[in-house]
Amino acid sequence: MNHKLVKLTVAAALVSSVMGAANVMAEEIKIGVVLPLSDPLSGYGQPSQKGVELVNSMEPTLKNGDTVKLIIIDDKSDKVEAANAMQRLVSSDKVDAVIGEVTSTNTLAMTKMAEDTKTPLVSPTATNDRVTRGRQYVSRVCFSDSFQGIVGANLASRDLGAKTAAIMYDSSNDYSVGLAKAFRTQFLKNGGTIPIEVQAPGGSKDFKAQLSSVKAKNVDMIYMPIYYTEGALIAVQAKQLGLNVPVVGGDGLAADPVFFKLGQDAVEGYMTTDYYSPNAKEQTPEGEKFIKAWTEKYSEPTHTWGAMTADAYKMIINAMNQCDNPKDRVCVNDKIRATSGFTGITGTLTLKDGDAIRSAVINEVKNGELAFKTVVNP
């Protein structure tokens, strides 16, 4: 037999053997995802699902060859369902990490289970300060309400020149309360006054009494840390009452097309504090790739919450790639918490005690859609 042929046959056998061994060694990594895919908050959950599924298709394996499987659960916009979903993922599905939830109240329902079972939990957009406070296994890729509220207050005082402000918020909503508190503290610190605060409860349809009270105070601007449906209804009713002052909201105000469909031209000029804008001229290399992939797959503009959820995935993958055993949840969590200068889709992320230290974006509604206005650094 030809010696060269023998050598080639042996070499082929060795390569085949090594590849076979690698395939045997490759494991399945499970990442749970808890999102509000139905009911009132689905406008946040559905684009978040698109984002995490897209990034998983773009990065389906770890650097060691392990495949990454997503286990997605709909919590039906309910905090009890969110807690149950976390319980199931940890106890039954034996996940290695969890992404979720995208709202503060529902994430807070999941944090105890994360701590008790030492399961890394990363929220894309839960901004309430209590989400990470005193927690070792809970992190987020968004900034906190205390930072976001300060940015909103400084925008009101410095850019809008407001001396007086009204606050419309929902006292039953952790997110709304946290933002209102941070705005209030900073606006007063800036020398402004807040002559009136009114309630805008989630699920309400008529806000004319509250808006009439606000109009009577003749304020320079309104701070509105509430969700998109109520925000749009308030905008329409404010216009009907002739209340025409600048409005600033948080990241959740214009995060769903419902805001624009219901609000129509009444929401024109509304401003929001946000994490990211796909409309900004400067994008990270990862952001450019993601925007291109999103547009090709979904034939629609990239959604901020989809990009943020994708970054939660990327941060977990980055941490797993640094551990000898990516199923070692303590190691993975340690690496997540040590994230520093990590460039993702929505910007560069550094975590401190589980909170993202990152720039804030100011977006403004122009011609029926969010347009990038400016960046505010921490």
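How do the residues of the lining of the largest pocket divide into nonpolar, polar and charged? In this predicted model, the lining comprises 10 nonpolar, 12 polar and six charged residues. The close-up views below take up this pocket, a second pocket, a cavity, one helix and several backbone features.

**View A. The largest pocket encloses about 660 Å³ of space.** Its lining is made up of 28 residues, of which Pro 257, Phe 260, Pro 301, Thr 302 and His 303 are the closest to the centre of the pocket. At least two lining residues are supplied by each of H2, helix H10 (257-263), strand E10 (271-274), helix H12 (304-320) and E15. The largest share of this lining comes from H2, which provides five residues.

**View B. The second largest pocket has a volume of about 550 Å³.** Among the 27 residues that line the second largest pocket, Pro 40, Leu 41, Asn 173, Gly 202 and Tyr 227 lie nearest its centre. The elements that contribute two or more residues to this lining are H4 and helix H9 (228-240), and H9 gives the most, with three residues. By class, the lining of the second largest pocket consists of nine nonpolar, 12 polar and six charged residues.

**View C. One cavity of 30 Å³ or more is present in the structure.** The largest cavity holds about 50 Å³ of space, and the residues that line it are Tyr 44, Val 102, Thr 103, Ser 104, Thr 125, Ala 126, Thr 127, Tyr 175, Tyr 227, Asp 251, Gly 252 and Trp 305. Six of these lining residues are nonpolar, five are polar and one is charged. Tyr 227, one of the residues lining this cavity, is also one of those nearest the centre of the second largest pocket.

**View D. Helix H3 (residues 79-91) has a buried side and a capped N-terminal end.** At 1.5 Å a residue, the 13 residues of H3 should span 18 Å, and the end C-alpha atoms of the helix are indeed 18 Å apart, so the expected and computed values agree. Ala 82, Ala 85, Met 86, Leu 89 and Val 90 are the buried residues shown in H3. Because they cover an arc of only 125° around the axis, these residues fall on the same side of H3. An α-helix has 3.6 residues a turn, so residues three or four places apart point the same way. At the N-terminal end of H3, Asp 78 acts as the cap, with a side-chain oxygen that lies 3.0 Å from the backbone nitrogen of Val 80.

**View E. A cis peptide bond joins Gly 100 and Glu 101.** The omega angle of this bond is about -20°, and Glu 101 lies in the loop between strand E3 (97-100) and helix H4 (104-108). Most residues other than glycine have a negative phi, and most peptide bonds are trans.

**View F. Asp 39 and Asn 367 have positive phi values.** Asp 39, with phi near 70°, is found in the loop between strand E1 (28-35) and helix H2 (42-58). The relative accessible area of Asp 39 is 48%, so this residue is partly exposed. Asn 367, with phi near 55°, lies in the loop between strand E14 (360-366) and strand E15 (369-376). Asn 367 has a relative accessible area of 74%, and therefore is exposed.

Conventions: Residues are numbered from 1 along each chain as its sequence is written. This is a predicted model: local features need pLDDT of at least 70, side-chain atom pairs count only at pLDDT 80 or more; totals for chains, interfaces and linings use all residues. Side-chain values use heavy atoms; hydrogens and water are left out. Helices (H or I, at least four residues) and strands (E, at least two) are DSSP runs, numbered from the N terminus. The expected span of a helix is 1.5 Å times one less than its number of residues. Buried means under 20% relative accessible area, exposed over 50%, partly exposed in between (1.4 Å probe, protein chains only). The arc is that of the directions from the helix axis to the C-beta atoms. A polar contact is a pair of N or O atoms within 3.5 Å; within protein, one must be able to donate a hydrogen and the other to accept it, and residues adjacent in sequence count only if both atoms are side-chain atoms. On a 1 Å grid over the protein atoms alone, a cavity is a set of points where a 1.4 Å probe fits but cannot get out, and a pocket is an open set with protein on both sides within 12 Å along at least five of seven lines; lining residues have an atom within 4 Å of a point. Grid points are joined across faces, edges and corners, and a volume is the space filled by probe spheres set on the points. Ala, Val, Leu, Ile, Met, Phe, Trp, Tyr, Cys and Pro count as nonpolar, Asp, Glu, Lys and Arg as charged, and the others, Gly among them, as polar.
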